[in-house]
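Q: I have a protein model open and would like to learn how to read it. Could we go through some of its features together?

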Amino acid sequence: NANNNSVSQDMTRRFADGTYQTTAEGNIDARNKNWETNLSFMYTHKFNSNAELNVQADRLERNTTATNNSCYSYLVGGVASEKTLSDENHLLYTARLDYVQRFKRGNGTLKMGVKYTNISDNQDTDYIYFLNEQRDDETSYLDLYHYSEEVYAAYAKYSFKVKKFDVTAGLRMEHALLSPRSSANPERNKDSKHTNWAPELGINYALNKEKGHNIAFQYNRSISRPFFIFLNPMVKRVNEYSYSMGNPLLEPSSTNRFSLRTTFFNGYTLSLTHSNTNDGIISLPENVNGILYTTPQKGLKRSDYSVYAGIPLKVKQWGQFDLYVQYDYSKESYEGKEEGNGRCFYGFSALFQLPADFSINVDFSDGTPLKSLYGKMDSNPMGAVRISKSFLKRSLNASLIFTDVFNSFGSVKNEFFYTGHSSKSESTYHSFNFGVNLRYTFRWGQKSMVRRGGSGNMEETIRLGD
């Protein structure tokens, strides 16, 4: 359960006759309430010491209620206000069946399985526009958006050892059925289906197994489907000069990733990574009679190069710090325009194990501004604190979660520039998230065979746009 409140200021300026002219100034008050429940089931059946069957099922439900109020004073046209009420319900089911077979010859292991995912997303949005305290029915709208998705996946992976080498090769196939439905713009509703293949290869060489020195190479192709909101065909008003709309015809993107990673003393890490995407998603506006219509579309080409260094630090027997620094260089191109930009990240993750089964997790990260092909966005420090306590022989875990710690004060500047026009914004906002998490683990069978595991729907949860 989490609440978020934020306040920001907004200014709209138009460039005409060689000068900038302010057309509107206002403020936005946004309030969000979230409630999430997640139920996971895991079962392992051992046929013998070399073969086992793993079953996992998850159900996640997230409900969000959001209220956005904004008021603008126009240089010409009086005072306008907007009120947006939205209720969202995300329901996610995943089920997977994995079979593991170990072979004595070559110390080989075969893993293969199937996975089914069902996603249902409902968003009810009531947008009300007032001009000089009078409701404008032509601009106001009510949209009932329903998105459903089914994904059928099959995969296989084989690992074996040859002297100091550990080799893994695998292949994954996914078939997805997507169906976005908007009541406000039903003429733009489109169903689609996609089949994608994702191979992987990993080679690990033990430089010195006793001291924990390793070098590893890995290649994999990942499949990224659009965020649900990107597929909503509804046209939304941003301001008097700008509208946004989703694209129900968006197809998944694929990224090829290569990495070389060295580890010393089982903790000190240095890695080099390169990834390449030829069909990425980019949101660009189109100027139609002075009005900008922004919609996400495919076609962005992007190459990324990263250097990462991680250093572990122990604090006696009860604490651990993991410090890291990372430098990224990205090269993007779209419709003949090409640009490269660099960015630096740094931060730490800390875990403190305290008496009486208390634990504290602290995460912090920051970085230089993010530059892209068409814009620049300031970076804001991110901080999160999680305080946990275990009960009933560690079967029950209760946590207090604080996120957006540094967003309780600060400002962010964004700049976007396209052919023929540009946009700049500066937001001063105050937000603070507080959450409560309760987790209870049921255990049956022999305790020696119980293995702790997490939810199996993390891939899909990220796409909720959280």
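Q: Let me start with one residue: does Tyr219 count as buried or exposed, and why?

A: Happy to help! Keep in mind that this is a predicted model. Tyr219 has 15% relative accessibility, so the residue counts as buried, since buried means under 20%.

Q: Which strand holds Tyr219, and which strands pair with that strand?

A: Tyr219 lies in strand S10. Strand S10 covers residues 213-224 and runs antiparallel to strand S9, residues 192-208, with eight bridges joining the two. S10 also pairs with strand S13, residues 253-264, again in the antiparallel sense, over 11 bridges.

Q: Which residues could I look up to see these pairings?

A: For S9 and S10, find Glu200, which stands opposite Asn220 in S10. For S10 and S13, find Gln218, whose bridge partner in S13 is Ser259.

Q: What happens between S9 and S10?

A: The two strands form a hairpin with four residues between them. Look at Gly212 there, which takes a positive phi near 80 degrees.

Q: How do I describe two aromatic rings that form a pair?

A: Give the distance between the ring centres and the angle between the ring planes. In this model the count comes to 14 aromatic pairs. One of them is formed by Phe165 and Tyr205, a tilted pair with 4.8 Å from centre to centre and 45 degrees between the planes.

Q: Why does the pair of Phe165 and Tyr205 tie together parts that are apart in sequence?

A: Phe165 belongs to strand S8 (residues 165-182) and Tyr205 to strand S9, so their pair links parts that are 40 residues apart in sequence. Phe165, at 38% relative accessibility, counts as partly exposed, and Tyr205, at 28%, counts as partly exposed too.

Q: What about the rings of Tyr219 and Phe258?

A: Their centres are 4.9 Å apart and their planes stand at 35 degrees, so this pair is tilted. Because Tyr219 lies in S10 and Phe258 in S13, the pair ties together parts 39 residues apart in sequence. Phe258 has 35% relative accessibility and so counts as partly exposed, whereas Tyr219 counts as buried.

Q: Which residues form an aromatic cluster?

A: Look for Trp318, Phe321, Phe348, Phe352 and Phe364, which form one cluster.

Q: And where does the charged end of Lys389 sit?

A: The charged end of Lys389 is over the ring of Phe391, at 5.3 Å from the ring centre.

Note on methods:
Residues numbered from 1 in each chain as written. Predicted model: local features only at pLDDT ≥ 70, side-chain atom pairs only at ≥ 80, totals over all residues. Heavy atoms only, no water. Pairing = 2+ DSSP bridges. Phe/Tyr/Trp six-rings, centres within 6.5 Å; stacked < 30°, edge-to-face > 60°. Buried < 20%, exposed > 50% of the residue type's maximum accessible area, 1.4 Å probe, protein only. Lys NZ or Arg CZ within 6 Å of the ring centre and 35° of its normal.
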